[in-house]
Amino acid sequence: MFVSLAVVTVFMSALLLVSAGAKSLRTRHITEQMSTLGVPKRMMALLIGAQIAGAAGVIAGLRWGPVGIAAAIGLTLYFAGAVAFHLRVGDRKGASPAVVLTAASVALIVLRAATL
């Protein structure tokens with residue numbers, strides 16, 4: 001079970017760091033998407049910070065379970081919020097990846113709780 005947790009943790013952390021990097025570069029695609037979703041530009045730093053903290057938290061959670069669970073709960077809320085933002089503007093296609101990442105975050109909670 002711990003191996004599954006480690007694999008999902010590494011995948012999620014890498015994905016979060018790539019996403020945070022793309023947001024920090026403010027690529028045209030990201031800027032347009034955030035504008036369409038109605039996310040204010042001043043919130044980008046907060047989103048980037050949340051992704052980096054989430055990645056660090058789930059990695060640290062491999063060693064200290066409660067931190068991993070807390071980080072995974074935070075990621076679940078983060079991605080559930082992303083789903084809500086996409087659906088609010090009728091972007092079902094954009095909501096799909098956020099739904100998958102919400103499910104992966106829930107899987108992290110379950111896997112870490114099972115390996116305590």
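A residue is partly exposed when its relative accessible area lies between the buried limit, under 20%, and the exposed limit, over 50%. The exercises below use this definition on a predicted model.

**Exercise 1.** Find the salt bridge in the structure and describe the setting of its two residues.

Solution.
1. Searching the whole structure gives 1 salt bridge.
2. The partners are arginine 28 and glutamate 32, whose closest N and O atoms lie 3.6 Å apart. The cut-off for such a pair is within 4 Å, and the pair therefore qualifies.
3. Both residues belong to helix H2 (residues 28-37), where they are 4 residues apart, so about one helical turn separates them.
4. Arginine 28 has a relative accessible area of 67% and is therefore exposed.
5. Glutamate 32 has 45% relative accessibility, so this residue is classed as partly exposed.

**Exercise 2.** Describe the secondary structure of the protein chain and decide how its radius of gyration relates to the globule rule.

Solution.
1. The protein chain contains 5 helices and 0 strands, and its pattern along the sequence reads α-α-α-α-α.
2. For 116 residues the globule rule gives 13 Å; the radius of gyration is 14 Å, close to that value, so the chain is as compact as a globular protein of that length.
3. Along the principal axes, the C-alpha atoms fill a box of roughly 40 × 25 × 20 Å.

**Exercise 3.** Characterise the burial, contacts and surface of the protein chain.

Solution.
1. Of the 116 residues, 35% are buried.
2. Among contacts with a separation of 6 or more, 70% join residues 24 or more positions apart.
3. The accessible surface is about 6600 Å², and carbon and sulfur atoms account for 73% of that surface.

Methods:
Residues numbered from 1 in each chain as written. Predicted model: local features only at pLDDT ≥ 70, side-chain atom pairs only at ≥ 80, totals over all residues. Heavy atoms only, no water. Salt bridge = Lys/Arg side-chain N within 4 Å of Asp/Glu carboxyl O. Helix = DSSP H or I, 4+ residues; strand = E, 2+ residues; numbered from the N terminus. Buried < 20%, exposed > 50% of the residue type's maximum accessible area, 1.4 Å probe, protein only. Rg over C-alpha atoms; globule rule 2.2 N^0.38 Å. Contact = heavy atoms within 4.5 Å. Areas by Shrake-Rupley, 256 points an atom, 1.4 Å probe, with all protein chains shown as cover.
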